[in-house]
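Let's work through some exercises together, one step at a time. Keep the sequence and the 3D view open as you go.

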Amino acid sequence: MCTEQKITERGDFAPLSPRLAWQLAAIHTWPASIMPVLVAVACAANVTGRLSPLLTLVLLLICILMQASVNTFNDYFDYVKGADSADDNVEASDAVLVYNQVNPRSALALAIGFLIAAFCAGLYVIWCAGFTPLVIAAVGAVIVVAYSGGKTPLSYLPVGEAVSGIVMGGLIPLACYQVLTGCLDFIALVWAVPTIIGVGLIMMTNNTCDIEKDIEAGRRTLPVLLGRSRARAVYHGLMVAWVAAIAVIAAIWFPRGAIVLPFMLLAAYPLMAALWKNPLAPPTRIGAMGQIGSVNVALGAFYAAALFV
């Protein structure tokens, strides 16, 4: 009998308060959606010479709502599948349904509500830019559900890092660039390579720290297949590729932005050095997630500045 059924029989539910809903939305993961939007905005402003503050804010809202939906869906499906327990989560905000005995159906309704709110905000975008962003968003929404739900979720497979990176770090900039420029140009995916890597590393950080927990839950993530030592080696290689991709893209397509890169390195080096030394093990998971979030903000913000210049 699944966890949801056991709690349903007892009926000892806690209400889904605003505080718990906020924890399910997991604000610490929002750089995964905010940074790709800022990169797309900077690219579009550079190419077109104009910037739409209202469209930018609406796009940010949509992507944050989508990210919150992903996080809530993930918590819900992990809970009902028994992948989360009080024994392997180090703080209450990291397993809201476990520690607070919230009705899982309330969390599911919240996740769907986030998607509906994102769609409603997207109506304005469709009115401004046509149906192309809706098609891209629909593809993303299908992957969002497949990522956490179904008999074999994508998050249980060794493609989770690539899928999250491409969807959040790649499709978001592509769709936002189309909205802001009126042109579906796949060069935007090339310019999004740094955000694809950055978002993918957020997932890889979590999965590498959770190797033991994921093995028990039957997950076959990339770090599970590699083992922690080799996973960290791949992780470090991707960190180097992340910075290198920013430098190469700026040099080839946005040479004026190269003036920003030394400042980016100065700001990001201490953050990246700390993350590099992190063992990515269960006791350091919370710290590692904070570190990868900070690195995403630092590199993403400076990269957007370089593109904008």
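**Exercise 1. Two helices side by side**

In which hand, left or right, does α3 pass α8?

Before solving, note that this is a predicted model, where local features need pLDDT of at least 70, side-chain atom pairs count only at pLDDT 80 or more, and totals for chains, interfaces and linings use all residues. Residues are numbered from 1 along each chain as its sequence is written, and side-chain values use heavy atoms, leaving out hydrogens and water.

Step 1. Find the helices: α3 covers residues 31-48 and α8 covers residues 160-181. Helices (H or I, at least four residues) are DSSP runs, numbered from the N terminus.

Step 2. Describe the packing. Two packed helices are described by the angle between their axes and the distance between the axes. For α3 and α8, the angle is about 35° and the axes are 8 Å apart. Axes are lines fitted to C-alpha atoms over the stretch in contact, and angles run from 0 to 180 degrees between N-to-C directions.

Step 3. Decide the hand. α3 passes α8 in a right-handed crossing. A crossing is right-handed if the near helix is turned clockwise from the far one by less than a right angle, and left-handed if anticlockwise.

Step 4. Look at who touches whom, where contact means heavy atoms within 4.5 Å. On the α3 side, the residues include P36, V37, A40 and A44, while the α8 side includes M168, I172, P173 and Y177. The residues of this contact divide into 14 nonpolar, four polar and no charged. Here Ala, Val, Leu, Ile, Met, Phe, Trp, Tyr, Cys and Pro count as nonpolar, Asp, Glu, Lys and Arg as charged, and the others, Gly among them, as polar.

**Exercise 2. A second partner for α8**

Describe how α8 meets α10, and say which classes of residue make the contact.

Step 1. The axes of α8 and α10 come within 7 Å and cross at roughly 145°.

Step 2. This crossing is right-handed.

Step 3. Among the contact residues are G160, E161, G165 and G169 of α8, together with T195, V199, G200 and N207 of α10.

Step 4. By class, the contact of α8 with α10 has seven nonpolar, eight polar and one charged residues.

**Exercise 3. The end of α8**

Is T181 buried or exposed?

Step 1. T181 is found in helix α8.

Step 2. T181 counts as buried because its relative accessible area is 18%; buried means under 20%, exposed over 50%, and partly exposed in between (1.4 Å probe, protein chains only).

Step 3. Leaving aside neighbours within four places in sequence, T181 is in contact with A44, T48 and R50.

**Exercise 4. The two largest pockets**

Find which helix gives the most residues to the lining of each pocket.

Step 1. Learn the terms. On a 1 Å grid over the protein atoms alone, a pocket is an open set of points with protein on both sides within 12 Å along at least five of seven lines, a cavity is a set where a 1.4 Å probe fits but cannot get out, and lining residues have an atom within 4 Å of a point. Grid points are joined across faces, edges and corners, and a volume is the space filled by probe spheres set on the points.

Step 2. The largest pocket has a volume of about 470 Å³. Of its 25 lining residues, I62, M66, P133, I136 and A137 are the closest to its centre.

Step 3. α7 provides the largest share of this lining, eight residues. The lining has 23 nonpolar, two polar and no charged residues.

Step 4. The second largest pocket holds about 180 Å³ of space. α14 gives the most to its lining, with six residues, and the lining has nine nonpolar, no polar and no charged residues.

**Exercise 5. N296 and a cavity**

Where does N296 sit, and which residues does N296 contact?

Step 1. N296 is found in helix α15 (residues 285-308).

Step 2. N296 counts as buried because its relative accessibility is 5%.

Step 3. Beyond neighbours within four places in sequence, N296 is in contact with P31, M35, G198, V199, I202, W242 and A301.

Step 4. The second largest cavity, with about 70 Å³ of space, is lined by 13 residues, and N296 is one of those nearest its centre, along with P194, T195, W242 and G300. This lining divides into 10 nonpolar, three polar and no charged residues.
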